[in-house]
Every structure is written in C-alpha cells, then in structure tokens.
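Me: I am new to reading protein structures. Could you walk me through one, a feature at a time?

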Amino acid sequence: GVLYVGDAAQALVRAYDVDAAGATSAERTFVTTAATPDGLAVDAAGNLFVATAAGVEAYAPDGRRWGMLAVPQQPSNVGFGGTDGRTLFITARTAVYQVTLANPGLPRR
C-alpha cells in the first residue's frame with residue numbers, strides 16, 4: 001500500500017510505500033499542490049483527493065492532476081461515506097459539502 005502525508009509548509013504531498021508489517025520506505029514527493037494541503041482521501045481506483053486552499057484537487061495514482069472540486073469555502077478535510085461509499089464529504093470552516101463520485105472510497109479496515 002501507499003501512505004500519503006500532506007506537507008502544508010511546502011505545499012506538497014509525500015508518499016511512502018507500506019509493507020504488510022506496516023513499515024514505510026521509499027519516501028518521495030508525490031505531488032505539489034495549491035497552498036496548504038490538508039485532508040486526504042483515496043478512492044478504490046487509487047485516485048487521491050486533497051483539500052487545499054484552491055479546493056479539492058484530484059490526482060491519478062501516477063500523480064497526474066485530473067480535476068478540481070471547487071467549493072464556496074476553503075476545504076479542510078475530505079472523507080468518503082454514504083450508503084455506497086461514493087459520496088465525498090468535504091468539510092470547511094462553517095459548512096459541509098458533498099459530491100457523488102464514480103468510485104467508492106477505500107474500505108475501512
């Protein structure tokens with residue numbers, strides 16, 4: 001698996017490989033984002049959604065940015081839910097937004 005970590009000070013997301021025992025290796029810069037990457041969520045296809053100052057940025061598993069979800073307030077966190085797991089909930093300072101996506105989020109373990 002892969003562990004993603006937002007680095008708000010440097011406006012990037014780092015990635016680490018995670019083995020079956022939970023040990024990390026191969027630290028690398030996965031993507032450079034808009035300012036203040038914060039909450040992160042991954043869907044079943046491996047797409048990464050990142051709450052940033054610009055909105056929710058969407059990245060393919062290879063790091064290519066393929067989309068942006070604009071919301072009225074700066075988002076702070078993202079997470080999948082809903083009955084089929086395809087609803088991305090987006091929290092902001094005084095609001096919660098939601099959007100239905102093609103793929104469900106990764107199942108919780």
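Me: Let me start with one residue: is Leu12 buried or exposed?
Reply: This is a predicted model, and burial is judged in it by relative accessible area, with under 20% counting as buried. Leu12 has 8% relative accessibility, so it counts as buried.

Me: Where in the chain is Leu12 found?
Reply: Leu12 belongs to strand β2, which covers residues 12-18.

Me: Which residues is Leu12 in contact with, once neighbours within four places in sequence are left aside?
Reply: Contact here means heavy atoms within 4.5 Å. By that test, Leu12 meets Val5, Gly6, Asp7, Thr29, Val31, Thr32, Thr33 and Pro37. You can also look at positions along the chain: Leu12 and Thr36 are 24 residues apart in sequence, and their C-alpha atoms are separated by 8.2 Å.

Me: Thr33 is in that list. Where does Thr33 have its place?
Reply: Look in the loop between β3 (24-32) and β4 (40-42), and you will find Thr33. Being in a loop does not settle burial, so check the value: with 9% relative accessibility, Thr33 counts as buried. Setting aside neighbours within four places in sequence, Thr33 is in contact with Ala11, Leu12, Val13, Val50, Thr52, Glu57 and Tyr59.

Me: Val50 and Thr52 are among those contacts. How many residues of β5 are buried?
Reply: β5 is mostly covered, with 5 of its 5 residues buried. To read a strand, keep one general idea in mind. In a regular strand the side chains alternate between the two faces of the sheet. In β5, one side carries Leu48, Val50 and Thr52, the other carries Phe49 and Ala51, and all of these are buried, so both faces are covered.

Me: How do I read the way strands pair, and in which sense do β5 and β6 pair?
Reply: You look for bridges between the strands and for the direction in which they run. Strand β5 (residues 48-52) pairs with β6 in the antiparallel sense, over 5 bridges. Two partnerships help you follow this on screen: Val50 has Glu57 as its bridge partner in β6, and Leu48 has Tyr59. The two strands form a hairpin, with 2 residues between them.

Me: What is on the other side of the sequence from β5, going back to β4, and how many bridges join β4 to β5?
Reply: β4 and β5 run antiparallel and are joined by 3 bridges. One of the pairs is Leu40 with Val50 in β5. This hairpin has 5 residues between its strands, and Gly46 there takes a positive phi near 90 degrees.

Me: While we are at β4, which residues does Ala41 touch?
Reply: Not counting residues up to four places away in sequence, Ala41 touches Asn47, Leu48, Phe49, Val78, Gly79, Phe80 and Leu88. Ala41 lies in strand β4 and is buried, with a relative accessible area of 9%. For another view of sequence and space, take Ala41 and Arg93: they are 52 residues apart in sequence and 18 Å apart from C-alpha to C-alpha.

Me: Why is β6 described as largely enclosed by the rest of the structure?
Reply: Count its buried residues. In strand β6 (residues 55-59), 5 of the 5 residues are buried, so the strand is largely enclosed by the rest of the structure.

Me: How many bridges does β6 form with β7?
Reply: β6 and strand β7 (residues 65-69) pair in the antiparallel sense over 4 bridges. Ala58 stands opposite Gly67 in β7. The hairpin of β6 and β7 has 5 residues between the strands, and in this hairpin Gly63 takes a positive phi near 95 degrees.

Me: Now let us step back to the whole chain. How many helices and strands does the chain have?
Reply: The chain has 0 helices and 10 strands. Its radius of gyration is 13 Å, close to the 13 Å that the globule rule gives for 109 residues, so the chain is as compact as a globular protein of that length.

Me: What share of the residues counts as buried?
Reply: Of the 109 residues of the chain, 38% count as buried. The chain exposes about 6,100 Å², and carbon and sulfur atoms supply 52% of that area.

How values were computed: Residues are numbered from 1 along each chain as its sequence is written. This is a predicted model: local features need pLDDT of at least 70, side-chain atom pairs count only at pLDDT 80 or more; totals for chains, interfaces and linings use all residues. Side-chain values use heavy atoms; hydrogens and water are left out. The radius of gyration is taken over C-alpha atoms; the globule rule is 2.2 Å times the number of residues to the power 0.38. Buried means under 20% relative accessible area, exposed over 50%, partly exposed in between (1.4 Å probe, protein chains only). Accessible areas come from the Shrake-Rupley method with a 1.4 Å probe; for residues, only the protein chains shown count as cover. Two strands pair if DSSP finds at least two bridges between them.
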